[in-house]
Amino acid sequence: MTPENDQQALDLDFVRHQFPFFETELSKHWAFFDNAGGTFPCGAVVDRLTRFYRENKVQPYTHNAVAGAASEQMGIGRSVIAALLGVPESTLTLGPSTTQNFNTLGNACAALLEPGDEILVSEQDHEANIGGWERVASSTGATFRLWPVNPATGELELAELEKGLNARTKIVSVTHSSNILGSINPIREIVQAGRGVGARVVVDGVSYAPHTWPDVLASEADAYDFSTYKTFATHLGVLYVDPGFLEQLAPQCHFFKVGTPSAHLDAAGPDHAAIAALAGLGDYFETLHDHHFDSPARSLEQKARAISGLMHQHEQSLCALLLDALSHLPVRIIGRTTVDGREANVSFVAEKHPAKVLATLLAERNIATSGTHFYSFRLLRKLGIDTDDGVLRISFAHYNTEDETLRLIDALECILR
Ligand SMILES: Cc1ncc(COP(=O)(O)O)c(C=O)c1O
C-alpha cells in the first residue's frame, strides 16, 4: 500500500522549520520538554492568527466586507478541524478550554440525572474531568463515584470498572491517556463496558491527542474533548458530542440559538481569531504529510493520521532513550518503564531532589521541564506522592530531537547521581 518513495522517518529539520519558535535565538539554547503543558504553535497557525488580527479583527457575521472575510475564515477554521477529525462540523463545540467544555457538558447533563443515578469518574484523571462531575452530582442528588486506580501502579483496571458500574450509572468519564503516567487506556473496551449498563461515556483526550491524532469516531465515545494549544495550534477546547447524545442535552446557548447543533453547548462567546487560525493546523498536517508521503489524494483526516504515525514513532524512540537512562538512576518512575502502551510523557520522583528543585536545576542548564501535581491531584495523593511537590514530568513533542534528549539525559545523570 505504501508508495516506495514514502519516508519512513520524520524529517526533523523540515518539521522544525515549520515552527517560528525554532527560528528564534532563544531556541538555539533551550530544549523544551514541557510539551504536555502546551506545545509551540506551528507557523501556519501563527500566520492565520496574525492575518486575522491584522486584517479582520472585527465583529464577524455583520454586513461589511471585513466582517465577511472574518466569518469566512472562522468557517474555514471550523470545517478544517472537523475534516481533520473526520466528523461533521455540527458535532463540534469550540470552547475556550477543555476544563470549560467539561463544565458545560456536565451542566448540560444535569437534566438527565436524578437522585440515585450515578456518575463514575476515573481517579487517574486531571481535575478538569473530575471536579465538574462531582459538582453536577451534588446539585442533582446523583451519586459521585471514583473508578479507583491501582494504588501501587496508578493504572486503571477494567475489573475495577466493572465493579463500579451498575444499572444506575448514567455517565462514565475517563482519560484516554494519563498526563502523569503516560499510560494509554483501552477506550473502546471502556466505552463498551459503560454502554453495557446504558451509560454515556465521556473521554478526555487532552493528554493523548498531541501524541496520536485522535480517532474520535473509532473510540465510539459519546463525547471526546481535547485542547488545541497542546496540538500545535491556538488555545481552544474541541468538544465532540455524538449527535444522539447532543440532542438529549440541555442547551447551554442563548435560547434563540437552540436548533443549531454547533451552538448547542456554546456557553461562551468564542475566540474568533483562535477559531480562524485552527485552519493552520490543517495546513501543517498537510504540508508535513505531503513532504513525507506520496499520496496526495488522501483526505485531510487520513493525512493527519498518517503523519501522526510518524510523529508517534519518533517520540517513542526518544522516550525509549529516556526510560533506559532513568532505569539506571535513583528515581521512581510513575508509570510503565518501557514504551509499550504509553505515550511520551514520563513522570518520576527522584531520591536526591524534590521535583520543583530538579526542574529548577534542569532549567539552569536550559532544559525546560516541570514539577508539580499537574492537576492530577487525586492520582498523586493515591500514589502517596507529596502533592505540594509533585512529580518531575518530561513530556516530548514530535519536534524534539535526539540531541536534545541526549542533553537532557546528560543533565539528569549529572544532577541525580
Ligand atoms: C489530561 C488533561 N485534561 C484536561 C486538561 C485541561 O485542559 P484545559 O487547560 O484546556 O482546560 C489538561 C490540562 O493540562 C490535561 O492535561
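**Exercise 1.** Work out what span helix 3 (residues 43-55) should have at 1.5 Å a residue, and compare that with its end C-alpha atoms.

*Solution.* Start with the count: helix 3 has 13 residues. The expected span is 1.5 Å times one less than that number, which gives 18 Å. Now turn to this predicted model: the end C-alpha atoms of helix 3 are 18 Å apart, so the two values agree.

**Exercise 2.** Find which residues of helix 3 are buried and which helices they pack against.

*Solution.* First, list the buried residues: Gly-43, Ala-44, Val-45, Arg-48 and Phe-52. Next, look at their surroundings: these buried residues pack against helix 4 (65-85), helix 11 (272-277) and helix 12 (279-292).

**Exercise 3.** Trace the order of the 7 strands in the open sheet, then place helix 5 (residues 98-109) on that sheet.

*Solution.* Reading across, the order is 2-8-7-6-5-3-4, with mixed pairing. Strand 2 (92-95) and strand 4 (143-147) are the edges, each pairing on one side only. On average, neighbouring strands are turned by 15° against each other, direction ignored. Now zoom in on one pair: strand 7 (residues 223-227) and strand 8 (residues 237-241) are antiparallel over 5 bridges, and Phe-226 has Val-238 in strand 8 as its bridge partner. Finally, helix 5 packs on the sheet, with strand 7 and strand 8 among the strands it touches, and its direction makes about 155° with that of strand 7.

**Exercise 4.** Describe how domain 1 (30-40 + 305-416) and domain 2 (91-268) meet.

*Solution.* Begin with the contacts: 29 residues of domain 1 touch 26 residues of domain 2. Helix 13 (300-326), strand 10 (345-350) and helix 15 (377-382) each supply at least two residues of the domain 1 side. By class, that side has 12 nonpolar, 10 polar and 7 charged residues.

Definitions and conventions: Residues numbered from 1 in each chain as written. Predicted model: local features only at pLDDT ≥ 70, side-chain atom pairs only at ≥ 80, totals over all residues. Helix = DSSP H or I, 4+ residues; strand = E, 2+ residues; numbered from the N terminus. Buried ≥ 20, exposed ≤ 12 C-beta atoms within 10 Å, placed from the backbone. Contact = placed C-beta atoms within 7 Å. Pairing = 2+ DSSP bridges. Axes fitted to C-alpha atoms, helices over the stretch in contact; angles between N-to-C directions. Nonpolar A, V, L, I, M, F, W, Y, C, P; charged D, E, K, R; others polar.
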